[in-house]
Structures are given as structure tokens and as C-alpha cells.
Amino acid sequence: MNARLALDRLLESQTGIEVTRGGIDASVDAFLARRLNELKLVSLEDYLPRLSAQSGELEVLLNAITVTHTWFMRDPGQLSIVSSLLERREPAGPPLRVWVPGCATGEDPYSIAMLAEQASRAVEVLGSDINSAALRRAAAGVYGSWSVRDIIDVERYFERGERSTFNIAPRLKRHVRFERHNLLEPVLPGDWDLVLCRNVLIYLSRERARGVVERLAEALAPGGYLLLGASEVVFEVPQQLEATYVAGRLALRRVAGSAKMRAVPPAASSLVARAPGRAWEAPLPALPRSAVDIAEHRPPAAAPSPSPGVDSLLTRGHDHLDRSELPEAIIEYELAAELDPTRAEPHMYLGIALYLNGALEAALHELRAAVFLDAALWPAAFYLAVCHEGLGQLEEAQREYRHVVRVAARGAGPSLPRRHSAWHDDLLDLARKRAGSAA
Ligand SMILES: C[S@@+](CC[C@H](N)C(=O)[O-])C[C@H]1O[C@@H](n2cnc3c(N)ncnc32)[C@H](O)[C@@H]1O
């Protein structure tokens with residue numbers, strides 16, 4: 001076995017991380033080039049023996065290659081579940097006990113503390129991660145403006161620090177603590193009312209992710225909830241969890257039961273069968289940003305042309321989608337949308353992928369952003385319409401179908417890759433029928 005393959009296997013066995021996911025392999029390459037030089041080692045073969053499970057070197061490696069991207073109030077639709085669980089509790093009752101594994105730099109745990117304050121309920125949050133450097137930043141609670149971009153009332157929760165940083169208010173910090181923890185190891189004890197583990201399993205091999213979900217289920221108090229990222233609801237879940245809806249979103253609740261595995265039902269009844277399938281019969285989820293937010297971050301008209309990286313990320317996303325590799329497609333589209341939030345196509349593809357996975361509300365956010373950025377991108381409006389249909393919002397759906405027909409009639413066609421041109425006529429045809437049926 002070559003040394004690089006041995007390293008990848010070691011990472012998978014120690015952490016569950018599969019380097020082919022989310023571009024981690026490129027981070028490993030970059031890390032190795034730098035680290036071998038620093039350690040004055042000639043080859044990877046010389047480096048491997050330093051990576052024992054208990055070694056500091058494994059920690060250095062993990063700190064460099066894990067994807068710690070996160071921000072406050074990520075996926076507000078899903079966080080409304082947390083608000084709802086908080087509000088169900090007695091105002092003077094015991095605190096909601098929340099564990100956030102894979103919390104990276106701490107934005108999710110602190111967001112929960114903010115939601116608890118909004119709901120006037122007590123909360124105790126434990127954030128954990130395998131990345132010790134991220135946890136140090138979490139404990140410091142000092143953030144840049146990009147992290148807080150989705151917080152409406154920033155002054156309420158942060159103190160302004162030096163160099164325009166945002167420091168978490170000490171009163172929020174008191175409810176949150178952090179601990180290093182590897183999800184492959186036994187769970188952190190706590191009889192948790194809620195485990196919020198978002199956008200972590202997508203980086204793990206399927207086998208490891210399944211084991212993690214089983215252990216997280218065991219860590220819940222009876223009646224406790226497990227929330228995974230929107231793209232992660234496709235994982236099989238243990239029998240002791242049941243799929244349920246809270247605040248209109250999918251949540252998994254701990255019930256008494258056997259350990260037999262079963263598949264999670266889709267988050268919402270899907271219209272995919274009625275929409276033309278072709279290469280789009282796949283998919284999954286992600287991270288919404290509002291159109292307002294995008295407007296605020298819009299570059300001036302003379303901004304440089306889009307980064308070429310976006311196109312290659314989109315191409316990789318399409319490849320995954322065509323092979324029905326949904327979490328992988330989502331990751332690529334998310335990265336593309338993050339790299340250039342002002343381009344409409346990444347939002348559209350992310351929205352379509354989310355829709356196909358049944359994450360309708362998250363899809364709505366992305367598709368709205370796409371239409372906002374480019375009203376002529378009518379396939380985005382089409383999927384916006386079917387999302388509205390799926391949510392029972394028929395007037396909104398009709399409005400979008402009519403928009404599709406109007407844009408197409410003006411001949412203002414989107415310039416999309418040729419590989420997707422086949423479904424244009426089908427979608428347009430369907431939009432005409434549905435818009436017509438409302439007249
Ligand atoms: C993209 S961040 C997710 C942050 C946040 N939950 C969110 O959704 O925005 C993924 C995190 O998972 C962590 N992670 C990956 N493998 C892990 C493991 N085996 N045990 C614990 N944390 C892990 C990474 O270090 C990283 O900080």
C-alpha cells in the first residue's frame with residue numbers, strides 16, 4: 001500500500017473522515033507539503049510513524065485538514081426547531097441540555113444560547129469537536145463580521161472588540177462550554193434533551209456516520225431530539241429514533257425501541273416524480289442565505305469577473321448529482337455559493353439539490369436568492385414554484401410558474417451548461433401547463 005493511501009486509511013479509522021469528501025484531500029496535500037518541510041522529512045513514509053492515535057502530530061494534522069466552516073444562525077429554518085423546543089419548556093423549569101458535536105468555532109452553541117435568551121428559557125450547551133484549534137477559538141468567542149452576517153441584532157449579543165471583532169457577550173458565554181471529543185469515541189454523557197450535529201457526518205464515511213448516529217441516539221434522554229444537517233437526513237437512523245416534525249421541519253426523536261436500522265422518510269412529499277427527472281433524479285440539502293443578505297454583500301457593478309473556482313466546483317457538483325451522490329453534490333454547491341455569493345447559478349443548483357432531497361424550506365432560500373440575483377434564470381423560478389407546491393403554498397407557486405412563462409416568452413433564456421439543456425423544454429412545458437391551469 002502506498003504511503004498516501006495508508007494516511008487516508010489512518011484518518012478514516014481514527015476519525016471517520018473520508019478525504020475524498022468536501023475537498024479534504026486537497027487540504028491534506030497542502031498540509032503534507034508544508035509539514036514535511038517544517039519537520040525536515042524527506043518522504044511521507046518518514047512522517048507516518050508520527051501519527052499514532054495519542055500523538056500530538058495527529059492533532060496537528062486534524063487541526064489543519066478538518067473543514068470548520070460555520071457561522072451564526074446557520075439554517076434559521078432548522079434553528080426554529082430549537083426555538084420551538086425551548087418554548088415548550090416551563091419558563092422556570094430546568095435548563096434544556098444541548099450537546100453540539102462538531103461545533104467547530106462555536107457559532108452553533110452560541111446561537112442556541114441566543115435563542116434561549118430570546119425565548120426566556122434556561123439552557124446549558126456543550127460544544128465539542130475533534131479540532132482543538134477551532135475549540136480554542138470557540139472558547140475565546142471572538143468573531144469576524146462574516147461570521148455574524150446573519151444576526152439581525154448584533155449589538156445585543158456581542159461587544160465590539162479591537163480591530164472590528166465581535167466578542168460574545170459574557171452573559172451568553174456562561175451557558176456554553178467546550179470540550180474536545182472525537183465522534184468515533186463513546187459519547188459525552190449528559191442525557192441530552194437535544195443533540196445538534198450538523199454538517200459533520202457529510203465528511204465521514206457512510207459506515208462510520210451510521211455508527212455515530214446510533215451512538216448519538218443513545219446519548220439522548222427519552223423524548224430528546226437529534227437534529228442533523230439538512231443534507232444528512234438521508235442517513236439510516238436507529239430504531240430508537242422516530243422522524244417527526246417540529247416547527248414544520250424534520251427532527252428525530254428518541255423513543256424506546258430496538259436497535260434495528262431503518263431509513264428516514266423524506267422530509268416532505270416530493271414532487272420529483274411529477275417533474276422531469278433525467279439526470280436530476282437524485283438529491284440533497286444546505287445553507288440558506290437570505291436575498292437581503294446577498295444584496296448587502298453584493299459587490300459594486302465593476303467587480304472582477306467570477307472566480308474560476310466557482311465553475312469547477314459547479315462541475316464537480318453536477319458530476320456528483322448525476323451519480324446521485326447527494327451529500328457530495330451539496331458540499332460542492334455550498335462551496336461554490338460561498339466562494340461567490342453574488343452568482344446566481346450556485347444558489348440555483350444548491351436549491352435544486354435541496355429540493356430533490358425534500359429540504360424544501362432550505363431550498364426556497366437558495367432558489368429565492370438565485371431568482372433575486374438573476375430574474376432571467378427561470379429554472380430557479382420553476383423549482384421555486386414546485387417547492388411552494390410542496391409546502392402547500394399554491395398562490396406563490398402559481399406566481400412563480402407565471403414568472404417562468406413570462407421570462408421564457410421574452411426569450412431571456414438562462415445560459416446553463418449544455419448537459420442540462422435537455423430538461424429545459426420539459427420544465428417549460430410543465431410551467432406553462434401549471435400556470436395555465438390557474439388562469
Ligand atoms: C463544517 S463544521 C460544522 C460546524 C457546525 N456544526 C455547522 O453546521 O455550521 C464540521 C466540523 O466537524 C468536525 N469533525 C469532523 N470529524 C469529527 C469527528 N470524528 N469528531 C468530532 N468532530 C469532527 C470538524 O473538525 C469540523 O469542525
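Trainee: Let's start at the ligand: which residue has a polar backbone atom 3.3 Å from a nitrogen atom of the ligand?

Mentor: A polar contact is a pair of N or O atoms within 3.5 Å. Here the partner is Ile130, through a polar backbone atom. Keep in mind that this is a predicted model, where local features need pLDDT of at least 70, side-chain atom pairs count only at pLDDT 80 or more, and totals for chains, interfaces and linings use all residues. Residues are numbered from 1 along each chain as its sequence is written, and side-chain values use heavy atoms, with hydrogens and water left out.

Trainee: Which other backbone atoms does a ligand nitrogen meet?

Mentor: A polar backbone atom of Gly102 is 3.0 Å from a nitrogen atom of the ligand. For Leu183, the distance from a polar backbone atom to a ligand nitrogen is 2.8 Å. As for cover, the ligand on its own exposes 590 Å², and the protein buries 99% of that (Shrake-Rupley method, 1.4 Å probe).

Trainee: Where does the ligand sit?

Mentor: In the largest cavity. A cavity is a set of points on a 1 Å grid over the protein atoms alone where a 1.4 Å probe fits but cannot get out; sitting there takes more than half of the molecule's atoms within 2 Å of its grid points.

Trainee: How many residues surround the ligand?

Mentor: There are 22, counting those with a heavy atom within 4 Å. The closest are Thr70, Arg74, Asp129, Leu183 and Asn199. By class, the shell has eight nonpolar, ten polar and four charged residues, with Gly counted as polar.

Trainee: Moving on to strands, in which order do strands 3, 4 and 5 lie?

Mentor: Strands of a sheet pair through backbone hydrogen bonds. A strand is a DSSP run of E, at least two residues, and pairing needs at least two bridges. This open, antiparallel sheet has the order 3-5-4. Strand 3 (142-143) and strand 4 (158-160) are the edges, each pairing on one side only. Two bridges link strand 3 to strand 5 (residues 166-168), and Tyr143 stands opposite Phe166.

Trainee: How many bridges join strand 10 to strand 11?

Mentor: Six, between antiparallel residues 241-246 and 249-254. Val246 faces Arg249 across the pair. Two residues lie between the strands of this hairpin, and Ala247 takes a positive phi near 50°.

Conventions
Helices (H or I, at least four residues) and strands (E, at least two) are DSSP runs, numbered from the N terminus. A polar contact is a pair of N or O atoms within 3.5 Å; within protein, one must be able to donate a hydrogen and the other to accept it, and residues adjacent in sequence count only if both atoms are side-chain atoms. On a 1 Å grid over the protein atoms alone, a cavity is a set of points where a 1.4 Å probe fits but cannot get out, and a pocket is an open set with protein on both sides within 12 Å along at least five of seven lines; lining residues have an atom within 4 Å of a point.
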